[in-house]
Amino acid sequence: EVQLVESGGGLVQAGGSLRLSCAASGFTFDEYAIGWFRQAPGKEREGVSCIRNSDGSTYYKDSVKGRFTTSRDNARNTVFLQMNSLKPEDTGVYYCAADLMGCGDDMDSWGQGTLVTVSS
């Protein structure tokens, strides 16, 4: 059974940092792309970043480029999202997702989410 568990969310002031973790189990981790998504209150879910399975290359939403960094530790079956210079508009529930076929908006397996709140 594929399982993804996010952690690391919390309340932070604008300009601060958080590091989210996505711990994976139940599948061959290094064969899967892992994406990070977020959903703000009253808004649709949006993709934030993704790290590919094939070459470890990364994708970022324009609004987080230069501030967020995603990385993976295949030995620990974990993906990280380092978030710096946080803004109130980064507030939302952050989810990680996995897909054998690569990055995309509708990935196969999802975690339960972790809440990030950025105060102004």
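**Exercise 1. Find the residue that stands opposite Ser71, then describe the sheet around this pair.**

Step 1. Ser71 stands opposite Phe80 in β8. Strands here are DSSP runs of E with at least two residues, numbered from the N terminus.

Step 2. Before going on, know your model: it is predicted, local features need pLDDT of at least 70, side-chain atom pairs count only at pLDDT 80 or more, and totals for chains, interfaces and linings use all residues. Residues are numbered from 1 along each chain as its sequence is written, and side-chain values use heavy atoms, with hydrogens and water left out.

Step 3. Now look at the strands. β7 and β8 (residues 78-83) run antiparallel and are joined by six bridges. Two strands count as paired if DSSP finds at least two bridges between them.

Step 4. Zoom out to the open sheet: its four strands follow the order β1-β3-β8-β7, with antiparallel pairing. β1 (3-7) and β7 (68-73) are the edge strands; each has a single partner, so one side of each has no neighbour in the sheet.

**Exercise 2. Work out which strands pair with β9, and whether β9 is enclosed or open.**

Step 1. Start with β4, which runs antiparallel to β9 and is joined to it by seven bridges. Here Trp36 stands opposite Cys96 in β9.

Step 2. Next comes β11, antiparallel to β9 over three bridges. Val93 faces Leu115 of β11 in this pairing.

Step 3. Then add β10 (residues 109-110), which pairs with β9 in the antiparallel sense over two bridges. Ala98 stands opposite Ser109 in β10.

Step 4. Finally, check burial (buried means under 20% relative accessible area, exposed over 50%, partly exposed in between, with a 1.4 Å probe and protein chains only). Seven of the eight residues of β9 are buried, so β9 is largely enclosed by the rest of the structure.

**Exercise 3. Identify the best-connected members of the largest nonpolar core and the strands that supply it.**

Step 1. A nonpolar core is a set of buried Ala, Val, Leu, Ile, Met, Phe, Trp, Tyr and Cys residues joined through side-chain atoms within 4.5 Å.

Step 2. The largest core has 25 residues, and Ile34, Trp36, Phe68, Leu81, Met83 and Tyr94 touch the most other members.

Step 3. At least two core residues come from each of β3 (18-25), β4 (33-39), β5 (46-51), β8, β9 (92-99) and β11 (114-119). The largest share, four residues, belongs to β3.

Step 4. Another core of five residues lies apart from this one, including Ala33, Phe37, Cys50 and Met107.
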